[in-house]
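Visitor: Could you take me through one part of this model up close? I'd like to hear about the charged pairs, and then about whatever surrounds them.

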Amino acid sequence: MFTGILKLLAKAAARQAAKKSKNVVRSHWQQYPYNEKIKRLPESLEFLRGWAHREKMPAHLKMVDPSMTPKALKEALKNLPTHVDTVPMRASIGQGTGKVKNLFRGETLHPDQTLISKTGLEAGQGVKPGQWWTLEPFEAAGYSIRPTKIPGGWGAANPIKPGQPWPLAMGEGIANPGVIRRMKVNKNIEDLKSIRNRGTGWSHFHPTDKMIGESKISMFYSVINRLREMGWKDAQIFKYIGQIVKKKNVAGKRDWMLYNRGGMV
């Protein structure tokens with residue numbers, strides 16, 4: 001039964017990927033200014049579906065560049081898909097009155113010093129690696145499997161030799177695959193002022209070490225993301241699940257959940 005469910009998820013992810021490659025492009029996982037007219041589903045249903053908000057390309061281009069002339073718009077649309085997927089900020093969050101149920105973070109199963117970002121420290125913000133968390137599982141997914149980041153680097157410093165296959169990107173390999181961690185919060189957003197990143201409004205947070213220690217790898221979000229990004233053949237999904245199941249936290253306890261705490265869906 002479990003195998004059947006995974007295969008159905010894989011087929012759904014494949015259909016979504018095929019459709020997306022022809023007619024839809026994925027925007028950066030970036031929260032735009034909230035729009036009260038955009039109604040969003042619960043985060044888990046959106047993630048299962050594969051997109052938060054899908055809008056027609058002409059409307060998206062006009063939003064990005066209001067000064068675009070009709071002629072320029074018509075020319076741009078010749079080489080673009082018909083729709084674009086974005087992740088607009090939820091209206092209640094943008095208004096600073098909503099409730100934060102969960103925070104998410106994309107990372108590899110085991111810490112890899114060559115991949116860990118030190119942006120928060122280098123920018124003088126005092127934010128340690130592992131402290132960047134987001135409201136959006138879609139954004140976390142982009143850091144769980146990150147095609148733009150190659151272990152050891154690439155380019156002039158680490159050129160690809162003739163005949164050498166393109167190296168696996170961050171989170172793609174099965175030895176240290178990407179996962180999505182979920183932190184249950186269930187607090188009003190106005191009560192989280194002490195941990196929010198002021199430079200990004202209400203979209204990013206820097207939880208305490210205690211909060212991070214209580215977070216767990218979400219099997220639900222991690223498995224769906226791996227199937228969607230890599231497909232059934234390359235995901236090695238049963239081996240992937242086995243890797244997660246064996247993961248322990250610093251206290252030696254289980255470091256994952258199916259959906260909610262206690263392994264209950």
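Guide: Salt bridges it is: this predicted model holds 11 of them. Let's begin with Arg26 and Glu229, whose closest N and O atoms sit 2.8 Å apart. Arg26 belongs to strand β1 (residues 24-26) and Glu229 to helix α9 (residues 219-235), so this pair ties together parts that are 203 residues apart in sequence. Neither end is hidden away: Arg26 is partly exposed, at 34% relative accessible area, and Glu229 is partly exposed too, at 32%.

Now for a pair in another setting. Arg181 forms a salt bridge with Glu107, with 3.6 Å between the closest N and O atoms. This one also links distant parts of the chain, since Arg181 is in strand β6 (residues 178-188) and Glu107 in strand β4 (residues 99-108), 74 residues apart. Here both partners, Arg181 and Glu107, are buried. Then there's Lys247, which meets Asp255 in a salt bridge of 3.1 Å, N to O. Lys247 has a relative accessible area of 13%, and because the cut-off for buried is under 20%, Lys247 counts as buried. Asp255 is buried as well, with 2% relative accessibility. Step back and these pairs connect: salt bridges with shared partners join Arg105, Glu107, Arg181, Lys247 and Asp255 into one network. As a general point, side chains of opposite charge can pair when their charged atoms come close.

What about the strands that carry Arg181 and Glu107? β4 and β6 run antiparallel, joined by nine bridges. One residue to look for along that pairing is Leu103, which stands opposite Met183 in β6. Eight of the 10 residues of β4 are buried, so this strand is largely enclosed by the rest of the structure. β6 has an oddity of its own: Asn186 lies in this strand and has a positive phi of about 55 degrees, although it is not a glycine. With a relative accessibility of 42%, Asn186 is partly exposed.

Next, the nonpolar packing. The largest nonpolar core has 15 residues, and those with the most contacts inside it are Val179, Ile217, Met219, Val223, Ile237, Tyr240 and Ile244. Helices α9 and α10 (237-245) each supply at least two residues of this core, and the largest share, five residues, comes from α9. If you want one residue to center your view on, try Ile244. Leaving aside residues up to four places away in sequence, Ile244 touches Leu109, Val179, Ile217, Met219, Ser222 and Trp256. There is also a second, separate core of 13 residues, which includes Trp133, Met183, Ile189 and Trp202. Met183 is a handy marker here, as this member of the second core is also the residue opposite Leu103.

While you're looking at the two helices, check the loop between α9 and α10, where you'll find Gln236. Its phi is near 50 degrees, another positive value in a residue other than glycine. Gln236 is partly exposed, with a relative accessible area of 38%.

Finally, back to Arg26 and the sheet around it. Three strands make up an open sheet in the order β1-β3-β2, with mixed pairing. β1 and β2 (53-56) are the edge strands, each pairing on one side only, and the twist averages 30 degrees from one strand to the next. Strand β1 pairs with strand β3 (residues 83-86) in the parallel sense, over three bridges. Arg26 has a place in that pairing, with Asp85 as its bridge partner in β3. So which helix lies across β1, β2 and β3? That's α3 (residues 57-64), running at about 95 degrees to β2. Put together, Arg26 has a bridge partner in β3 and a salt-bridge partner, Glu229, in helix α9, the helix that gives the largest nonpolar core its largest share of residues.

Technical notes
Residues are numbered from 1 along each chain as its sequence is written. This is a predicted model: local features need pLDDT of at least 70, side-chain atom pairs count only at pLDDT 80 or more; totals for chains, interfaces and linings use all residues. Side-chain values use heavy atoms; hydrogens and water are left out. A salt bridge is a side-chain nitrogen of Lys or Arg within 4 Å of a carboxyl oxygen of Asp or Glu. Helices (H or I, at least four residues) and strands (E, at least two) are DSSP runs, numbered from the N terminus. Buried means under 20% relative accessible area, exposed over 50%, partly exposed in between (1.4 Å probe, protein chains only). A nonpolar core is a set of buried Ala, Val, Leu, Ile, Met, Phe, Trp, Tyr and Cys residues joined through side-chain atoms within 4.5 Å. Contact means heavy atoms within 4.5 Å. Two strands pair if DSSP finds at least two bridges between them. Axes are lines fitted to C-alpha atoms, for helices over the stretch in contact, and angles run from 0 to 180 degrees between N-to-C directions.
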